[in-house]
Amino acid sequence: MKLAYVLLLVVFVSGCGKSESFAPPVNVAVNGDFVQSEEPQPPRIIPLPASVKRLEGQFSVNAQTVIVATEDALPIAQYIQSQFGPATGYRFPIVSNQTADNAIALILDDKTYAKEAYQLTVTEQGVQIKASTAVGLFWGVQSLRQLFGSDIELNAPVNKHAWPLPAVDIQDQPAFSYRGMHLDVSRTFFPVSFIKQYIDLLAMHKLNYFHWHLTDDQGWRIEIKKYPRLTEVGAWRDETVVGHTYDRDGLYDGQKLGGFYSQAEIRDIVAYAQQRQVTIIPEVDVPGHASAILKAYPEYGCVSKEFSVQKNFGVFPEVLCPTEKTFSFLDDVFSEVVALFPSPYIHVGGDEVKTEQWQSCADCSAIMAEKGLKDYLALQGYFISRVEASINKMGRKIIGWDEILEGNVAPSATITSWRGIEGAIHAAKEGHDAIMAPGSHLYFDHYQSRSIDEPLAIHGLTPIRETYSFEVIPEQLQNTDAAKRILGAQGHLWTEYVRSPAKAEYMVLPRMSALAEVVWTDVSKRSWEDFSKRLPALMERFSTKGLNVAKSTYVVNAQVSHSAAGFRVHLSNDMPEVNIFYTLDGSLPNAQSQLYIEPLLLPKGAIVRARAQSKLTGEMYLERRLTLQSHKAVGAKVTLKVDADRAWNTQPEVSLVDGVLARDQIFQLDDWATFPGESFEAIVEFPETIQATLFNLGFNAGRFRHFYGPTALALWSSEDGENWSALASATAAEIDEQSVSASLKFEPTRMRYLKVKAENQAQRFSTEDSKMVPVTLYIDEIIVQ
Ligand code: TNX
């Protein structure tokens, strides 16, 4: 066997025989024209294997192809039948004769390979997958799957008689042992069929942990026999907020919503995942995010009030009380959880705990005194330690969100670091295992491009390229022992704004594919340029499977600068093989529109609409739209009157007068100057004396967010910055009438300085705090004409 393999390599290296190209030939630009490259293309597998050698020739799977498998490999053989059977219509009989011809041979070889490693060889004689474990074989099958055309993913027989595979030798193993995806089923309940499909997606990406967020304020989703009210009551909410939870004038849909997984369904899902080498880590989030528990069993809370399963989103004060009664309840709950899930880890949450209800509770004070706990963080730590002790007794380990570090949890706990990477660094240094999960790169509930046509998301912008750039081992830990404590990384799908399976697919595909490469492929082999060439084939595979894949990575990037000559707009795209078309007349660009070649110079501003088109398929993607408004304050000096300690996450002095309006792009904090419960006061200094007649304060976030306007607006002008004369003003009612901006007209006035005061006295009812709270004023632009 070995000898045959060496011979094959020799054949490959000497390069004889005719060349065979499996990936469609790639177009190569030569002086602007496109010619087809003759080079055989390496197979386009994601995540990129450690080593891929393209050999000469091919093997065709046909109706006579068999699977060779010993007893241990039988489940993998059956998986192959179920995976490749429907599209090919072939039966793939399983035989034990290792020398069978025309075979996909699964060979378990005890010693040679690392735990999850495999070797996949396709020669003209057949396919061989070798590994030392079933899991290694399984990942080998996933690579084999991507050697087929995307039609292998279809669920009904395709009318063709042979399925060619390029001859290759692939040797592969993962960079990290923990490769995870999370799914929140509390905010949106997903049916069992979707959970299985999600697990299939993990398996396809060689991701081996599914973090299943089963409980939260908006619904409890796992049947617990001893406490039936958790699902009878806790799994249902009366209605759900429509639009963004912090929008002005929140609307509710009036529809009772919920659902849960029975223990029988969970056992079925666990078995399904096991066949796919995916470990499910269940999360029961305590002690915060407890509204649904407390609605069902208020006796485990610290306060007596009418609890409800929440109908909007955020962080609520509802918290479990750290009493013996609660711990014994949790002991029962976790016993049932542990019996359902064979995972070595149980996730206990621990995030976003509010302590008000502990502060007003006599039991808590007594417990703190008795246990010598100096503050509420220590009480939180005590809570988690009790839960940990109970779960450890059941033979399992806990994982918690990084907040649990603050309560001095024992080093035996593993940390999911979501508020950045610092939690993981800190945890690793203190001897905890840790999983990288920073929102900045790995939260797939964020927007994925700036196109106004993206569907509503929570906030944030995490383009796939950002996810791809993530480095699991941060610089601070490189070449330290602590680095070994970073087990890997995980992507997340929180589902406040993901109300259907189709939307969930859109949010994770293909960012999950980038994550897969981040955790599987050695960092030294990763390159966006290379990944972006392999990605379209995988996206096509998803589409063939009928999945709703986001093409957001094709959305045009725009960089805008402004000078005396006007706006300069540089457009670009992260993907290869695209043209960019644009219009300046407000019409939607198509392939007959202007082709973008060089930066646009726009002295007076314009509405720029741009779309990329694939040179290979002709597909046109979502548009990027920008309204650039030339006005007299663009580039002026802005001085904001705000608290000296005020920390800005942006440069409001720049964004307020950049001439780029926020309304044509998805909501991104960087575009805005924000005033939480504060009024806005600014002085604009023009480079020279101007004459103005119109002022406009923009707070229009397009279709994505509905902000509160100021409650009063007043303007003063000055020629010297010392003597001010009142110019114009508006009341709350007058501003409200204009809805999303506040315009003031006045007689032509000369000025060098303009003072703006926008009052922010509005309040909204916060269901999180159960009281009226000040609103945040968001200002996009100060427009002067
Ligand atoms: C924070 S991440 C949360 C979740 C939200 C998420 C939205 C974490 C441990 N807690 O409750 O769904 O932000 O991005």
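## Polar contacts to the ligand

Start with Asp445: an N or O atom in its side chain is 2.7 Å from an oxygen atom of the ligand. This distance, like every other value here, comes from a predicted model. Arg187 makes a similar kind of approach, with a side-chain N or O atom 2.8 Å from a ligand oxygen. Glu496 joins in too, placing a polar atom of its side chain 2.6 Å from an oxygen atom of the ligand. How much of the ligand does the protein bury? On its own the ligand would expose 360 Å², and the protein buries 93% of that.

## The shell around the ligand

Which residues surround the ligand? Besides Arg187, Asp445 and Glu496, the shell holds His289, Asp351, Glu352, Trp401, Trp418, Tyr443, Ile458 and Trp494. Sorted by class, the shell has 5 nonpolar residues, 5 charged residues and 1 polar residue. If you would like to try the sorting yourself, note that Trp and Tyr are counted as nonpolar here.

## The pocket that holds the ligand

Now zoom out a little. Where does the ligand sit? You will find the ligand in the second largest pocket, which contains about 980 Å³ of space. A total of 39 residues line this pocket, and those nearest its centre are His244, Tyr246, Gly314, Ile458 and His459. Ile458 is worth finding in the structure, as this residue is also part of the shell around the ligand.

The lining of the second largest pocket is made up of 18 nonpolar, 13 polar and 8 charged residues. Two strands, β32 (673-676) and β39 (776-779), each contribute at least two residues to that lining.

## A closed cavity

Pockets are open, but the model also has an enclosed space. How many cavities of 30 Å³ or more are there? The count comes to 1, and the volume of the largest cavity is about 30 Å³.

Its lining consists of Gln448, Ile464, Pro510, Ala550, Lys551, Ser552 and Thr553. By class, that gives 3 nonpolar, 3 polar and 1 charged residues. Keep Pro510 in mind, since this residue comes up again below.

## Backbone features in the loops

Which residues does a cis peptide bond with omega near 5° join? Here the bond runs from Leu509 to Pro510. Pro510, which helps to line the largest cavity, lies in the loop between α15 (501-508) and α16 (511-520).

Another cis peptide bond links Val286 to Pro287, with omega at about -10°. Pro287 belongs to the loop that runs between β18 (279-286) and α7 (291-296).

Finally, take a look at Asp249. Its phi is near 55°, a positive value in a residue that is not glycine. Asp249 is also a loop residue, found between β15 (241-242) and β16 (251-252).

Terms used. Residues numbered from 1 in each chain as written. Predicted model: local features only at pLDDT ≥ 70, side-chain atom pairs only at ≥ 80, totals over all residues. Heavy atoms only, no water. Near = heavy atom within 4 Å. Polar contact = N/O pair within 3.5 Å; in protein donor to acceptor, adjacent residues only side chain to side chain. Areas by Shrake-Rupley, 256 points an atom, 1.4 Å probe, with all protein chains shown as cover. 1 Å grid on protein atoms, 1.4 Å probe; cavity = no way out; pocket = protein on both sides within 12 Å on 5 of 7 lines; lining within 4 Å. Sits in = over half its atoms within 2 Å of the grid points. Points joined across faces, edges and corners; volume = space filled by probe spheres on them. Helix = DSSP H or I, 4+ residues; strand = E, 2+ residues; numbered from the N terminus.
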